[in-house]
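Here's a short walk through one protein model, written for someone who would rather look at residues than at statistics. Keep the viewer open as you read.

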Amino acid sequence: MVLNTDLKEIMMDHALRTISYIADIGDLVVLMARRRFVPQDIDDAPKPNRTPKMICHVFESDEAQFIAQSIGQAFQVAYMEFLKANGIEDHRFVKEMDYQEVLNSQEIFGDELEIFAKKELQKEVVVPKAKGEILGVVIVESGWGSMLPTVVIANLMSTGAAARCGQLNIGDQLIAINGLSLVGLPLSTCQNYIKNTKNQTVVKFTVVPCPPVVEVKIKRPETKYQLGFSVQNGVICSLLRGGIAERGGVRVGHRIIEINNQSVVAVPHEKIVNLLATSVGEILMKTMPTSMFRLLTGQENPIYI
């Protein structure tokens, strides 16, 4: 529950089990929770397959980090109480509650919010083209776990309008097209926005220039602290929200290219897992969206739009 002492009113009230996401970003606290279902009449009972509605709260406070940590600790206490209620004593879990200290020492590497907030790092690109001509780009998702999810240029048709303008490159993140924001939209919606420009003679993009390879830096003092992500054949397939990996720049759907300056492109799955499991200290990785990797290595043929 969040109270506003000035207005003397409840600004937020959610049961702990309904909270799906919590993060502190500078002096902002972001919290997402499932809405409570309120039946309209006696026959309107909750259905098992009903899609839950989500609500997002954004609060500004000088103690944003402390608030987020307090909620995180509440989850830890709730988990311990759950274990006790079911007759399970997990002493290892209690000893490792200092994971919060490890998390606090993990910097947000490649802080996307700061990068995207600086107007001087963005550029406006005007692409002239013939009416009926496609732009000639392939776009992919930036990766789940991105603080500002958007789309990335994964390939450019050498003779296409986008390549001819000379201002767009593979890896660039597209923020807007013709004044319409692409941030947070599904990939299919962004693709449709681009396709709908086919009959236009000028298309304007807002772009954040980025290299195609994403650099990741994770600080892990000992192997007992989990990294917080899983890998299958070199592809990051799951990620612990709020963990050191997410703060270090790990993104779901990315292909790992290097670990500590060692290429793992042709390395077997078991060796990649062992390398990650035994790495401590500062762990450096290079990744890129898997779709982009497959396009650039010739494993897939580009479908330009």
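Is N260 buried, partly exposed or exposed? N260 is partly exposed, at a relative accessible area of 34%. On this scale buried means under 20% relative accessible area, exposed means over 50%, and partly exposed is in between (1.4 Å probe, protein chains only).

## Before you zoom in

This is a predicted model, so local features need pLDDT of at least 70 and side-chain atom pairs count only at pLDDT 80 or more, while totals for chains, interfaces and linings use all residues. Residues are numbered from 1 along each chain as its sequence is written, and side-chain values use heavy atoms, with hydrogens and water left out.

The pLDDT score is the predictor's confidence in each residue, from 0 to 100. The protein chain averages 79, and 73% of its residues score at least 70. Confidence bottoms out in helix α2 (residues 91-95), with a mean of 50, and peaks in helix α5 (residues 161-164), at 95. Where pLDDT is low, don't read the predicted coordinates in detail.

## The overall layout

You'll find nine helices and 17 strands in the protein chain. These are DSSP runs numbered from the N terminus: helices are H or I with at least four residues, strands are E with at least two. Of the 305 residues, 37% are buried.

Now for contacts, meaning heavy atoms within 4.5 Å. Among those between residues at least 6 apart in sequence, 65% join residues at least 24 apart. The accessible surface comes to about 17,300 Å², with 54% of it belonging to carbon and sulfur atoms. Those areas come from the Shrake-Rupley method with a 1.4 Å probe, and for residues only the protein chains shown count as cover.

## Two greasy cores

A nonpolar core here is a set of buried Ala, Val, Leu, Ile, Met, Phe, Trp, Tyr and Cys residues joined through side-chain atoms within 4.5 Å. The largest one has 20 residues, and V127, V137, I139, L168, L174, I194 and F205 touch the most other members. At least two residues of this core come from each of β6 (123-128), β7 (137-141), β8 (151-156), α5, β9 (173-177), α6 (187-195) and β11. There is also a second, separate core of 19 residues, including I218, F229, V231 and L276.

Go back to the largest core and click on F205, which sits in strand β11 (residues 202-208). F205 is buried, with a relative accessible area of just 2%. Leaving out residues up to four places away in sequence, F205 touches K123, E124, V125, V127, L135, L168, L174, A176 and I177. The C-alpha atoms of F205 and N178 are 6.2 Å apart, although 27 residues separate the two along the chain. L174 has its own set of contacts beyond four places in sequence, among them I139, I153, I194 and F205.

## A buried histidine

What does the side chain of H254 reach at 2.8 Å? That would be the backbone oxygen of S142. The H254 side chain also makes a polar contact with the side chain of T287, at 2.9 Å. (A polar contact is a pair of N or O atoms within 3.5 Å; within protein, one must be able to donate a hydrogen and the other to accept it, and residues adjacent in sequence count only if both atoms are side-chain atoms.)

H254 lies in strand β15 and is buried, with a relative accessible area of 1%. Beyond four places in sequence, its contacts include G143, V214, I236 and P289.

## Loops worth a click

N260 is in the loop between β15 (254-259) and β16 (262-263), and has a positive phi of about 50° although it is not a glycine. N233, in the loop between β13 (229-232) and β14 (235-239), also has a positive phi, near 55°.

S279 is in the loop between α8 (269-278) and β17 (281-289). S279 is buried, at 8% relative accessible area, and touches R220 and N260, not counting residues up to four places away in sequence.

## Salt bridges

The structure holds two salt bridges, each being a side-chain nitrogen of Lys or Arg within 4 Å of a carboxyl oxygen of Asp or Glu. In one, E133 pairs with R164, the closest N and O atoms being 2.9 Å apart. This pair links distant parts of the chain, with E133 in the loop between β6 and β7 and R164 in helix α5, 31 residues apart. R164 is partly exposed, at 49%.

E300 forms a salt bridge with R294, the closest N and O atoms again being 2.9 Å apart. E300 is partly exposed at 34%, and R294 is partly exposed at 30%.
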